[in-house]
Amino acid sequence: MNDVFEKYRISLRGMLDSFLVNPILILMVKVKLTPNAVTILGFIICCISAYFISSASFLVGGLLVLFSGFLDIFDGALARKINQITDKGAFLDSTFDRLSEAIVLIGLIYYFSNSNETNFVLLTSLSLVFSLLISYLRARIEGLGYNSKSGFFTRPERVLVVSIGLIFFSPELTVTLLAFATAAGLFHRFLIFWRILK
């Protein structure tokens, strides 16, 4: 099952690189954007999206989440293209990825709190905790000397679910799906990492 997900990601990434990523990277190089600037811009867009989401403007919020997730493809790719791969850049990227994800879900929590929808406040809070733990497990396993990106429902899938859910469906359906999917993703990644530990 895990091999299927990895093959899917590699295949999709290859298509994106050929038709979309590389042309935009060339443009970014021409306008002299730095990888860190792209990272920070993506975070700012997430903050703006959280404002719209908290104000019940889900279409605009969802579109901004999607755009921010799209930008997230480019900071690392740009660093590789212009040979500016640094530990500071990787650290900044990881930090702002977690903050971006959290701020969007906090926007949803604020909206549900104002609407007195306690059950959805709980589901969104669980989604936030599970999402951060999925990312933490990878950081922890790498800290123990292993290298694995295994598991499903990682950040790109979560961004896609939140953005598509808010654009085309409802915040209630979005967080319900997100809560169950992140719980499953966390359990799946935990099992995979547990098995590879000595």
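These exercises explore the cavities and one helix pair of a predicted model.

**Exercise 1.** Find how many cavities of 30 Å³ or more the structure holds, and describe the lining of the largest.

*Solution.*
- Start with the count. The structure holds two such cavities.
- Take the volume next. The largest cavity has about 120 Å³ of space.
- Look at its walls. The lining has 14 residues. Val 65, Glu 101, Val 104, Val 159 and Val 162 lie nearest the centre.
- Trace the helices. Helix 3 (58–81), helix 4 (87–114) and helix 6 (155–168) each give at least two lining residues.
- Sort by class. Seven lining residues are nonpolar, four are polar and three are charged.

**Exercise 2.** Describe the second largest cavity in the same steps.

*Solution.*
- Its volume is about 80 Å³.
- Its lining has 13 residues. Nearest the centre lie Thr 39, Gly 42, Phe 43, Asp 72 and Asp 97.
- Helix 2 (35–54), helix 3 and helix 4 each supply at least two of the lining residues.
- By class, the lining has four nonpolar, four polar and five charged residues.

**Exercise 3.** Work out whether helix 3 and helix 4 run roughly parallel or roughly antiparallel.

*Solution.*
- Read the geometry. The two helices pack at about 170 degrees, and their axes are 12 Å apart.
- Apply the cut-off. Angles over 145 degrees count as roughly antiparallel. Helix 3 is therefore roughly antiparallel to helix 4.
- Name the contact. Helix 3 brings Phe 58, Val 65, Asp 72 and Asp 75. Helix 4 brings Asp 93, Asp 97, Val 104 and Tyr 111.
- Sort these residues. Four are nonpolar, none is polar and four are charged.

Key. Residues are numbered from 1 along each chain as its sequence is written. This is a predicted model: local features need pLDDT of at least 70, side-chain atom pairs count only at pLDDT 80 or more; totals for chains, interfaces and linings use all residues. Side-chain values use heavy atoms; hydrogens and water are left out. On a 1 Å grid over the protein atoms alone, a cavity is a set of points where a 1.4 Å probe fits but cannot get out, and a pocket is an open set with protein on both sides within 12 Å along at least five of seven lines; lining residues have an atom within 4 Å of a point. Grid points are joined across faces, edges and corners, and a volume is the space filled by probe spheres set on the points. Helices (H or I, at least four residues) and strands (E, at least two) are DSSP runs, numbered from the N terminus. Ala, Val, Leu, Ile, Met, Phe, Trp, Tyr, Cys and Pro count as nonpolar, Asp, Glu, Lys and Arg as charged, and the others, Gly among them, as polar. Axes are lines fitted to C-alpha atoms, for helices over the stretch in contact, and angles run from 0 to 180 degrees between N-to-C directions. Angles under 35 degrees count as roughly parallel, over 145 as roughly antiparallel, 65 to 115 as roughly perpendicular and the rest as oblique. Contact means heavy atoms within 4.5 Å.
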